[in-house]
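Open the model in your viewer and keep the selection panel at hand. The stops below go one selection at a time.

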Amino acid sequence: MQRRPRRNRKSEVVRSLVEETSVSVKDLILPLFLVSGTGKKVAVDSMPGIFRYSIDTMLSEIESCLKLGISSFDVFPAYPEELKDAKASESFNPETFYLKALREIKKQFPEVCLMSDVAMDPYSSDGHDGIVKDGKVLNDETLEVLGRMSLAQADAGVDILGPSDMMDGRVGYIRDLLDEHGFTDTSIMSYTAKYASAFYGPFRDALDSAPKFGDKKTYQMDYANSKEALIEADLDMEEGADFLMVKPALSYLDIIKLLSDNYPLPIAAYNVSGEYSMVKAAAERGWLDGERAMLEILTSIKRSGAKIILTYFAKEYAQLGR
């Protein structure tokens, strides 16, 4: 045999020379969960190793991550029920703890890339991503709330807004509003292909944001569909998105590749809570090697075409010094 592919696998150093895909901490965004108050670091039971932080403990966590090379963070707020209402009005209250925390993070660490979440569900008494009327989630009426939320977050110093609601037209609406108010440098990472997935469960535990009725299938995408992602991507790019995101990641590697092959914008993928937790649960039971599974998962997401990966594994990965 003149061709023996195994020759390029014969040692670790040779394998490294021919390695096609590598993951860097520079590719990673670490999601963080914020709660009100001080001195809090509360474990999320369904996400081993993940916590809900008050702003003071979150600042300490960010500082420790920066020392490991992680410089991008996406902050999600967990609001108590008494602050929620049908129109998510707390989301654009300038004195709300989330906006105050975003300001403080940028004040203490101006060098970080700070991402925020634009969606109604953390603040909504209905638990949905839009305004609800007669059991239906209203699209166009929701855009005004998302716009006010986006302006408030941009004013707090956020670098990248993450509209995760899947309302039609929200990227263009937010982009126009940001530009009209002078926030031309504020980026939008659109949740372009966000699927109605079973893998969001632990995240909703962390934020207490599960819908109070029904599901989100009238606005999040059907997991049976792929061509529909091209429609969403076309619209988001035309409307001014700076990044296109696929969520979740593992069951949608084909969608990541589809967008990577067809669009010039950077593609992001969200390695979601359920994907993280199932690895942790299996590793705790000795059913698989958690570290090896993490490395394989992150590499597969990068290999499929994602330039950016949002992952709860970010700190664990950075601690390996890779």
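How many salt bridges does a search of the whole structure find? The search finds 13 salt bridges. The model is a predicted one, and side-chain atom pairs count only at pLDDT 80 or more.

**Stop 1: D27 and K307**

Select D27 and K307 and show their side chains. They meet in a salt bridge, with 3.1 Å from N to O. D27 sits in the loop between helix 1 and strand 1, and K307 in the loop between helix 10 (290–303) and strand 12, so the pair ties together parts that are 280 residues apart in sequence. Is D27 buried or exposed? D27 is buried, because its relative accessible area is 5%, under the 20% cut-off. K307 counts as partly exposed, at 44% relative accessibility.

**Stop 2: strand 12 and its neighbours**

From K307, move on to strand 12 and select residues 308–311. Which residues point one way from this strand, and which the other way? I308 and L310 point one way, while I309 and T311 point the other way. All four of these residues are buried.

Add strand 1, residues 28–34, to the selection. Strand 1 and strand 12 pair in the parallel sense over two bridges. To find the register, label I29, which stands opposite L310 in strand 12.

Next add strand 11, residues 267–271. Strand 11 also runs parallel to strand 12, and four bridges join the two. Here the residue to label is N271, which stands opposite T311 in strand 12.

**Stop 3: D242 and R175**

Clear the strands and select D242 and R175. These two form a salt bridge in which the closest N and O atoms are 3.8 Å apart. Where in the chain do the partners D242 and R175 lie? D242 is in the loop between helix 7 (227–238) and strand 10 (243–247), and R175 is in helix 5 (residues 170–180). The pair links distant parts of the chain, 67 residues apart.

Colour the pair by accessibility. D242 is partly exposed, with a relative accessible area of 29%. R175, at 11% relative accessibility, counts as buried.

Keep R175 selected and add L138. The C-alpha atoms of R175 and L138 are separated by 20 Å, and the two residues are 37 residues apart along the chain.

**Stop 4: helix 8**

Select helix 8, residues 253–262, and show the side chains of D261 and K257. D261 forms a salt bridge with K257, the closest N and O atoms being 3.0 Å apart. Both residues lie in this helix, four residues apart, or about one turn. D261 counts as exposed because its relative accessible area is 51%, over the 50% cut-off. K257 is partly exposed, with a relative accessible area of 44%. Elsewhere, salt bridges that share partners join D27, K302 and K307 into one network; add K302 to the selection from the opening stop to view it.

**Stop 5: a charged patch**

Finally, select R3, R4, R6, R7, R9 and K10 and turn on the surface. What do these residues form there? They gather in a patch of positive charge on the surface. Centre the view on R3, in the segment before helix 1 (12–18). R3 counts as exposed, because its relative accessibility is 73%.

Methods. Residues are numbered from 1 along each chain as its sequence is written. This is a predicted model: local features need pLDDT of at least 70, side-chain atom pairs count only at pLDDT 80 or more; totals for chains, interfaces and linings use all residues. Side-chain values use heavy atoms; hydrogens and water are left out. Buried means under 20% relative accessible area, exposed over 50%, partly exposed in between (1.4 Å probe, protein chains only). Two strands pair if DSSP finds at least two bridges between them. Patches are made of residues with over 30% relative accessible area and no salt bridge: like charges are joined within 9 Å, nonpolar side chains (Val, Leu, Ile, Met, Phe, Trp, Tyr) within 5 Å. Accessible areas come from the Shrake-Rupley method with a 1.4 Å probe; for residues, only the protein chains shown count as cover. A salt bridge is a side-chain nitrogen of Lys or Arg within 4 Å of a carboxyl oxygen of Asp or Glu. Lys and Arg count as positive and Asp and Glu as negative; His and the chain ends are not counted. The place of a charge is taken as NZ of Lys, CZ of Arg, CG of Asp or CD of Glu.
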